[in-house]
Each structure stands twice: as structure tokens, then as C-alpha cells.
Amino acid sequence: RSQLVLGSCADCWYAVGIERVECWYFGPNLARPPMPLTDAACRAAKSGSKLKKLSDMCGLQLWIQTTGSKLWRYAYRFDGKQKLLALGKYPELSLASARPARDAAKTTLAGGSDPSAAKQLAKLMEKTRDDRYKTVAEKDEAKQRREGRAEAPVGRIAGLPRVGHEE
């Protein structure tokens, strides 16, 4: 089979706009450029007995679960391993919003960081932002009071300084 350069075969009208393809006339594997997803295709996608994956460009995928939920995923490789990043649910996160989220993850990946690890770290920082030492100590004191073990340490926490980021 011969690889044909763009426009070299008069019978290959599919070859317009593709850099290097295998001619459909001479071989069965015509390399077509991938078509990006449309919002209409996302809305019309129905669940089946197996997981369905609709691919957009550059690793963005819409997963249609067997339960009918539609989830955005970004498939990428980091450190030689295939990974997935969950971006959100389809109706809440539209196609137009999922593409910039994918681009942000690609930027993080280009910077040498794992987008999934960066998202987990951001979630952890958000969760622990309000859980400073005094807050944790107050929760522990309340638990001890409920259990009837707080006679000695009650009031000790009031003099503790705040540790962590002050806003």
C-alpha cells in the first residue's frame, strides 16, 4: 500500500484538508480528521447496557454511564501512565465550559505537574483552610464534654493562639 500525499489522487476527494492519508481507492484505512463533539450530540446521547465514551478533541471525553448520568473526563498521560481527570457532570458543566477546563488541565500538565494531583491538593487546601488548630481543639473539647471527660481541660483552649493562614 502506498501513502499518498495531499491531493495526489484524483479519486480521493476525502483527502482534501488531510496532510497524509492512505487512499480509500487503494486501501481500506482512510485517516479522517476527528470531528469535535457538538452540544446536540451530547444531549442526544442515550445510555445503554455498557459504558459509552464520546470523544471530543485533545482527550476530552463524555462518559455516558449505564444509569444515564453523563460525566466529563479528561484522559491524559503523566509519567508514562494513562490517567483520568474528572471535570464534572454534563448538564451542570456544558461542552463550552468543559473545553476551557480541559485546557487548564493541559496547561498544568505542560508545566510538569499532574492535573489530578493538583486538583486533589486544591480540594485538600480548601477543606483544611478552616480547620485550624484552635478549631480542632474546640471540636475535641466539645466531644470530651459530651462524653463527660472534660472537667480538667475545660477553658484551657481559650488561650491558644491560631495556627495557620489568617484571613
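## A polar contact to start from

The side chains of D114 and Y76 make a polar contact, with 2.5 Å between them. This comes from a predicted model, so please read each value here as computed from that model.

Where does D114 lie? Its place is the loop between α2 and α3. Although D114 is in a loop, D114 counts as buried, because its relative accessibility is 10% and the cut-off for buried is under 20%. Setting aside neighbours within four places in sequence, D114 is in contact with Y76, F78, K83 and T108. Another residue to look for here is G112, which follows α2 and has a positive phi, near 95°.

## The sheet

Now turn to the strands. Four of them form an open sheet in the order β3-β4-β5-β6, and the pairing is antiparallel. Which strands stand at the edges? They are β3 (residues 52–55) and β6; each has a single partner strand, so one side of each is left without a neighbour in the sheet. On average, neighbouring strands of this sheet are turned by 30° against each other, direction ignored.

## Following β3 into β4 and β5

Let us walk along the chain. β3 and β4 run antiparallel and are joined by four bridges, and K53 stands opposite W63 in β4. The hairpin of β3 and β4 has four residues between the strands, and C58 in this hairpin takes a positive phi near 60°.

The next hairpin is formed by β4 and β5, with five residues between them; G68 in its turn has a positive phi of about 105°. β4 and β5 pair in the antiparallel sense over five bridges. Across this pairing, L62 stands opposite W72 in β5, and W63 stands opposite L71 in β5.

## An enclosed strand

Is β4 largely enclosed by the rest of the structure or open to the outside? Five of the five residues of β4 are buried, so β4 is largely enclosed by the rest of the structure. You can sort these residues by direction: L60, L62 and I64 point one way from β4, while Q61 and W63 point the other way, and all are buried.

## Helix α2 and its two sides

Helix α2 covers residues 95–110, which is 16 residues. At 1.5 Å a residue, α2 should span 22 Å, and its end C-alpha atoms are indeed 22 Å apart, so the expectation and the model agree.

Which residues of α2 are buried? They are L95, A98, R102 and A105. These residues cover an arc of only 70° around the axis, which puts them on the same side of α2. There is a handy rule behind this kind of pattern: an α-helix has 3.6 residues a turn, so residues three or four places apart point the same way. On the other side of α2, you will find A96, T107 and A110 exposed.

## How the helices meet the sheet

What do the buried residues of α2 pack against? Their partners are α1 (39–44), β4 (60–64), β5 (70–78), β6 (81–89) and α3 (115–128). A98 gives a close-up of this packing. A98 is found in helix α2 and counts as buried, because its relative accessibility is 0%. Leaving aside neighbours within four places in sequence, A98 is in contact with L60, W72, L87 and L93. A98 and Y74 are 24 residues apart in sequence, and their C-alpha atoms are 9.3 Å apart in space.

Helix α3 also meets the strands: α3 lies across β5 and β6 and runs at about 45° to β6. To finish, go back to D114 in the loop between α2 and α3, and find its side-chain contact with Y76 once more.

Notes
Residues are numbered from 1 along each chain as its sequence is written. This is a predicted model: local features need pLDDT of at least 70, side-chain atom pairs count only at pLDDT 80 or more; totals for chains, interfaces and linings use all residues. Side-chain values use heavy atoms; hydrogens and water are left out. Helices (H or I, at least four residues) and strands (E, at least two) are DSSP runs, numbered from the N terminus. The expected span of a helix is 1.5 Å times one less than its number of residues. Buried means under 20% relative accessible area, exposed over 50%, partly exposed in between (1.4 Å probe, protein chains only). The arc is that of the directions from the helix axis to the C-beta atoms. Contact means heavy atoms within 4.5 Å. A polar contact is a pair of N or O atoms within 3.5 Å; within protein, one must be able to donate a hydrogen and the other to accept it, and residues adjacent in sequence count only if both atoms are side-chain atoms. Two strands pair if DSSP finds at least two bridges between them. Axes are lines fitted to C-alpha atoms, for helices over the stretch in contact, and angles run from 0 to 180 degrees between N-to-C directions.
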